[in-house]
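Visitor: Got a minute to walk me through this one? I'd like the fold up front, then the charged pairs.

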Amino acid sequence: MQQFTSVAINQRQAGMSMSNVSHPAVEGLVNLEVPLAGLSHCHGGIISQLQAFSELPAAAAKLRKAAANMLALFQFAVYGHHADEENELFPAVLRSAAKGEEAERIQSMVQSLTAEHREIESRWKKLEPLVKAAAGPSDLDPKSIQDLVQRYMAHALFEEQQFLPIAKAILSRTGHAGLECGRVDAPGPTR
């Protein structure tokens, strides 16, 4: 909790609040026209983003599997396929083609296909280190992610069910029902 408090204090000192933060992930989360309802709406948006985040370990595992499959595909299939065509199929078709126009057409196609093989292999060589990294182990800890999501959901539920109703009653009673969220100069306790 201390970490969140110091972040909030630093944001306030810098003049930051949800009311002046601009980022696609938070756009539309707070409605400053209805401050308390806006905060409640904000919880829904945050929870939605956190639930999507909780799916990250499964998505990362799917990515690792796809990357490993692609590494195997090139290692065991693509290179061998290209070699089979270039060493067996292409020479056999060239030897069997009728002299003249057909042989010239086949020769042109074989040269083009062989050049495409090299181009594809070259493109793969550039991607291969990145794919190897994606296929490797992940530092994502699913339990830590789930703990964060569950902790925030419990936090939001407490605010929604316990704090916001009391806050609404207190602010209405003290004439601050229209209090803008995130303002640094918000009034202190009334006695």
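**Fold and salt bridges**

Guide: Sure. From the N terminus on, the elements run α-α-α-α-α. Keep in mind that this is a predicted model.

Visitor: How many helices and strands is that in the chain?

Guide: The chain has five helices and zero strands.

Visitor: And how much of the chain counts as buried?

Guide: 19% of the 191 residues. The chain exposes about 13800 Å², and 59% of that comes from carbon and sulfur atoms.

Visitor: What share of the contacts with a separation of 6 or more is between residues 24 or more positions apart?

Guide: Such pairs make up 71% of them.

Visitor: OK, switching to charges. How many salt bridges are there?

Guide: The count is five. One of them pairs Arg 118 with Glu 86, with the closest N and O atoms 2.8 Å apart. Arg 118 is in helix H4 (residues 101-135) and Glu 86 in helix H3 (residues 56-96), so this pair ties together parts 32 residues apart in sequence.

Visitor: What else does Arg 118 form a salt bridge with?

Guide: Glu 121, at 2.9 Å between the closest N and O atoms. Those two both lie in helix H4, three residues apart, about one turn of the helix. Glu 86, Arg 118 and Glu 121 are thus linked in a network of salt bridges.

Visitor: Is Glu 121 buried or exposed?

Guide: Buried, at 12% relative accessibility, whereas Arg 118 is partly exposed at 37%.

Visitor: Which residue does Asp 147 meet in a salt bridge?

Guide: Lys 143, at 3.3 Å, N to O. Both lie in helix H5 (residues 142-173), four residues apart. Lys 143 is exposed at 55%, and Asp 147 is partly exposed at 36%.

Technical notes:
Residues are numbered from 1 along each chain as its sequence is written. This is a predicted model: local features need pLDDT of at least 70, side-chain atom pairs count only at pLDDT 80 or more; totals for chains, interfaces and linings use all residues. Side-chain values use heavy atoms; hydrogens and water are left out. Buried means under 20% relative accessible area, exposed over 50%, partly exposed in between (1.4 Å probe, protein chains only). Contact means heavy atoms within 4.5 Å. Accessible areas come from the Shrake-Rupley method with a 1.4 Å probe; for residues, only the protein chains shown count as cover. A salt bridge is a side-chain nitrogen of Lys or Arg within 4 Å of a carboxyl oxygen of Asp or Glu.
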